[in-house]
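Thank you for making time for this; I would like to walk slowly through one structure with you. Please have the sequence and the picture open while I talk.

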Amino acid sequence: MKGNWFVAELEDGKRLRGRMQMEAHAKSGMYPFKVDVHWQKSEDETFDLDMTAKFEEQLMYVFEKEKDAFLTMVTEDDKEFVFSWYVRNIQAFGTMLNNTLMLFPPLPLTLYSMDDPEWLAYNNAYKVVNCIN
């Protein structure tokens, strides 16, 4: 996995893995949208861990090689994983995601997007983790 990551156990029981050294991308203004990809966990923990690792690796390769989007955080609780991306263009992200997902079996995914040009979600998570450590 590229980049430096921090890991934290949050007070609400969620686990957070976040990417450090994203300041230049956050301040560039080029990634104004946040897309959260929710992965609903199954009863097969081995499948979930194996497939989420492959999913994450493949998506990071596809999106980050041309700097179309960056994975900034992965949160996990008992029910789901949430992969948080900051993206240049939501439509392009969707097209690239659909093309990449054709390489996988059907996956339990739900997507949500929002405007976040200031990277508030990322910055708030980073502040919480700095308070914990």
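Let me begin at one spot on a strand, where Arg 15 stands opposite Glu 76 in β4. Before going further, I should say that what you have in front of you is a predicted model, and that the numbers I quote are computed from it.

Now let us look at the strand that holds Arg 15. Strand β2 covers residues 15–19, and four of its five residues are buried, so we can call this strand mostly covered. On one side, β2 runs antiparallel to β4, and the two are joined by four bridges. Strand β2 also pairs with β1, residues 5–9, again in an antiparallel arrangement, and here five bridges join them. Within that second pairing, Glu 9 has Arg 15 in β2 as its bridge partner, and so Arg 15 is a useful residue to keep a finger on, since it stands opposite Glu 76 in β4 as well. It may help you to recall that, in a regular strand, the side chains alternate between the two faces of the sheet.

What, then, happens in the hairpin of β1 and β2? There are five residues between the strands, and among them Gly 13 takes a positive phi near 90°. As background, most residues other than glycine have a negative phi. With that in mind, two further residues deserve attention. Gln 21, although it is not a glycine, has a positive phi of about 60°, and it is found in the loop between β2 and α1, the helix of residues 23–28. Trp 119 is not a glycine either, and its phi is positive too, at about 55°; it sits in the loop between β6, residues 109–115, and α4.

Is each of these two buried or exposed? Gln 21 has a relative accessibility of 55%, and therefore counts as exposed, whereas Trp 119, at 0%, counts as buried.

Let me turn to the aromatic rings, of which the structure holds 10 pairs. Take Phe 55 and Phe 83: their ring centres are 5.3 Å apart and their planes meet at 70°, and because planes over 60 degrees apart count as edge-to-face, that is what we call this pair. The pair links distant parts of the chain, as Phe 55 belongs to helix α2, residues 45–64, and Phe 83 to strand β5, residues 80–87, with 28 residues separating them. Both Phe 55 and Phe 83 are buried. They also belong to a cluster, in which ring pairs link Trp 39, Phe 55, Phe 81, Phe 83 and Phe 104.

Charged side chains meet rings here as well. The charged end of Lys 41 sits over the ring of Phe 81, at 4.9 Å from its centre, and Arg 17 lies over the face of Trp 5, likewise 4.9 Å from the ring centre.

Finally, please find the second largest pocket, which holds about 240 Å³ of space. It is lined by 16 residues, and those closest to its centre are Leu 16, Met 73, Thr 75, Ser 84 and Ala 125. Which element gives the largest share of that lining? It is α4, with five residues, while β3, β4, β5 and α4 each supply at least two. By character, the lining divides into eight nonpolar residues, four polar and four charged.

Technical notes
Residues are numbered from 1 along each chain as its sequence is written. This is a predicted model: local features need pLDDT of at least 70, side-chain atom pairs count only at pLDDT 80 or more; totals for chains, interfaces and linings use all residues. Side-chain values use heavy atoms; hydrogens and water are left out. Rings of Phe, Tyr and Trp (its six-membered ring) pair if their centres lie within 6.5 Å; planes under 30 degrees apart count as stacked, over 60 as edge-to-face and the rest as tilted. Buried means under 20% relative accessible area, exposed over 50%, partly exposed in between (1.4 Å probe, protein chains only). A charge sits over a ring if NZ of Lys or CZ of Arg is within 6 Å of the ring centre and within 35 degrees of the ring normal. On a 1 Å grid over the protein atoms alone, a cavity is a set of points where a 1.4 Å probe fits but cannot get out, and a pocket is an open set with protein on both sides within 12 Å along at least five of seven lines; lining residues have an atom within 4 Å of a point. Grid points are joined across faces, edges and corners, and a volume is the space filled by probe spheres set on the points. Ala, Val, Leu, Ile, Met, Phe, Trp, Tyr, Cys and Pro count as nonpolar, Asp, Glu, Lys and Arg as charged, and the others, Gly among them, as polar. Two strands pair if DSSP finds at least two bridges between them.
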